[in-house]
Amino acid sequence: MTHALSRRDARRIAVRAQLLDARRPGDVVEVVEQLTLMNIDPTNAIMPSEHHLLWSRIGSPYETSWLTQAAEVDRTIFEFDGGYRPMSDLELFLPRMRAAPRHAGTREWLEANARFRRDILDRLRADGPVPTGEIPDTSAVPWPSTGWNSDRNVTMMLEILLARGEIAVSGRAGRERRWDLAERVYPQCLVELSPEEADAARDERRLESLGIARAKATAVPVEFTHVRQAGEPAVVEGVEGTWRVDPAALEALAEPFVGRTVLVSPFDRLVFDRARAQALFGFEYVLEMYKPKAKRRWGYFALPILHGDELVGKLDATADRKAGVLRVAAIHEDVPFDEETTDAVHAEIRALAEWLGLGVTGLPDDR
């Protein structure tokens, strides 16, 4: 059976699945369990991505120490492939770890640097956890790069060993990762799944976190959007093509939807798939931090604005920590805001500034 959904229902499914409706989660683990992946990005125009994702869901009670507690003390989440994931999903990645590295060139480089690999494992066994900067480069063959990864032999070997499940991120000192043997970070005696079982389970988990998605999205990484045959088929009114929808999200449509106003991170999975955001929300968005200033329409790090079940605009703002203020350069309204929407957006801007410990400048009624 193919389900027929209105765009409003599709949007509400997406918003609820991402924990952006009025029912706020209570802690870090609840958020990461539902999102399945909470990306890490150091861009600090407002705050680092991982903290923005948590603040936008938990709200003012959230403290950055909660993330450290979950990742480094309780071990209820783990860092892998550029993001935090629930430790309960670790077993879904074991077949992928056993098969790594997949690329022949990477396998050849790893084999050519067998002693380098042993040196790192021996160092971690003796002294772990160890920061990246304290691990010496004993490579016999440099990483074959003429660009971004030139002279980053240690980092590349660490990433390969992480992907293989031999080592793990034990924690962070600021933005620098600390490494240890995987057996000291990850739980043992996990369920052994076949690659096919693990892939199918990750697809199901991914669809639970998105609510509704294309079976295959071509413009973003697989780990963010692909759900293949998970869930059930659906069509959305006024949108071409077929979608996959989470059955539990369909059932939740019978419950009243209560939304709220959210200043969304550009890296939030509600908007990360720009084509999905355009199709379901009619929302056009590009992260313009990589564009020349003269070519930006909305700002260096504009935040999408969610109001209820609609993405209604973008906030161009910067946290000026030296001056102690959140500077609002512009609020771009995709459609004209009514008084209620304006008040809600301004209130959320002030809530953000208060959580950051900053004042606000640039709102019409600054005081």
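Start by selecting two helices, α1 (residues 7-17) and α13 (residues 274-281): their axes come within 9 Å and cross at roughly 135°. Angles over 145 degrees would count as roughly antiparallel, and α1 and α13 are therefore oblique to each other. Keep in mind as you look around that this is a predicted model.

Now show the side chains where these two helices touch. On the α1 side, pick Arg7, Ala10, Arg11, Ala14 and Val15; on the α13 side, pick Arg276, Gln278, Ala279, Leu280 and Phe281. Colour them by class and you should find six nonpolar, one polar and three charged residues in the contact of α1 with α13.

Stay with α1 a little longer. Which of its residues are buried? Select Ala10, Arg11, Ile13, Ala14, Val15, Arg16 and Ala17, the buried residues of this helix. Notice that Ala10, Arg11, Ala14 and Val15 are also part of the contact with α13. Then step just past the end of α1 to Leu19, which takes a positive phi of about 60°.

**A second pair of helices**

Next, move to α6 (residues 104-112) and α7 (residues 114-127). The axes of these helices come within 4 Å and cross at roughly 70°. That angle makes α6 roughly perpendicular to α7. To see where they meet, select Trp109, Leu110, Glu111 and Ala112 in α6, together with Ala114, Phe116 and Arg117 in α7. By class, this contact has five nonpolar and two charged residues, with no polar ones.

If you are wondering why the tour gives two numbers for each pair, here is the reason: two packed helices are described by the angle between their axes and the distance between the axes.

**The largest pocket**

Now switch on a surface and go to the largest pocket, with a volume of about 1,200 Å³. To centre your view, select Asp81, Gly82, Glu159, Leu162 and Arg177, which lie nearest the pocket's centre among its 35 lining residues. Which element supplies the largest share of this lining? Colour α8 and you have it: this helix provides six residues. Along with α8 (153-163), the strands β3 (77-80) and β7 (176-181) each supply at least two residues of the lining. Sorted by class, the lining of the largest pocket has 15 nonpolar, seven polar and 13 charged residues.

**The second largest pocket**

Your next stop is the second largest pocket, which has a volume of about 250 Å³. It has 19 lining residues, and those closest to its centre are Leu67, Thr68, Glu72, Tyr84 and Arg172. Highlight α3 (49-58), α4 (64-73), β3 and β6 (167-173), the elements that give two or more residues to this lining. You have already met β3, in the lining of the largest pocket. Here the largest share comes from α4, with five residues. The lining of the second largest pocket divides into seven nonpolar, six polar and six charged residues.

**An enclosed space**

Finish inside the protein. How many cavities of 30 Å³ or more are there? The count comes to two. Look for the second largest cavity, with a volume of about 50 Å³. Select Leu37, Asn39, Leu53, Phe267 and Arg269, the residues nearest its centre out of the 10 that line it. The lining of this cavity has six nonpolar, two polar and two charged residues.

Note on methods: Residues numbered from 1 in each chain as written. Predicted model: local features only at pLDDT ≥ 70, side-chain atom pairs only at ≥ 80, totals over all residues. Heavy atoms only, no water. 1 Å grid on protein atoms, 1.4 Å probe; cavity = no way out; pocket = protein on both sides within 12 Å on 5 of 7 lines; lining within 4 Å. Points joined across faces, edges and corners; volume = space filled by probe spheres on them. Nonpolar A, V, L, I, M, F, W, Y, C, P; charged D, E, K, R; others polar. Axes fitted to C-alpha atoms, helices over the stretch in contact; angles between N-to-C directions. Parallel < 35°, antiparallel > 145°, perpendicular 65-115°, else oblique. Contact = heavy atoms within 4.5 Å. Buried < 20%, exposed > 50% of the residue type's maximum accessible area, 1.4 Å probe, protein only.
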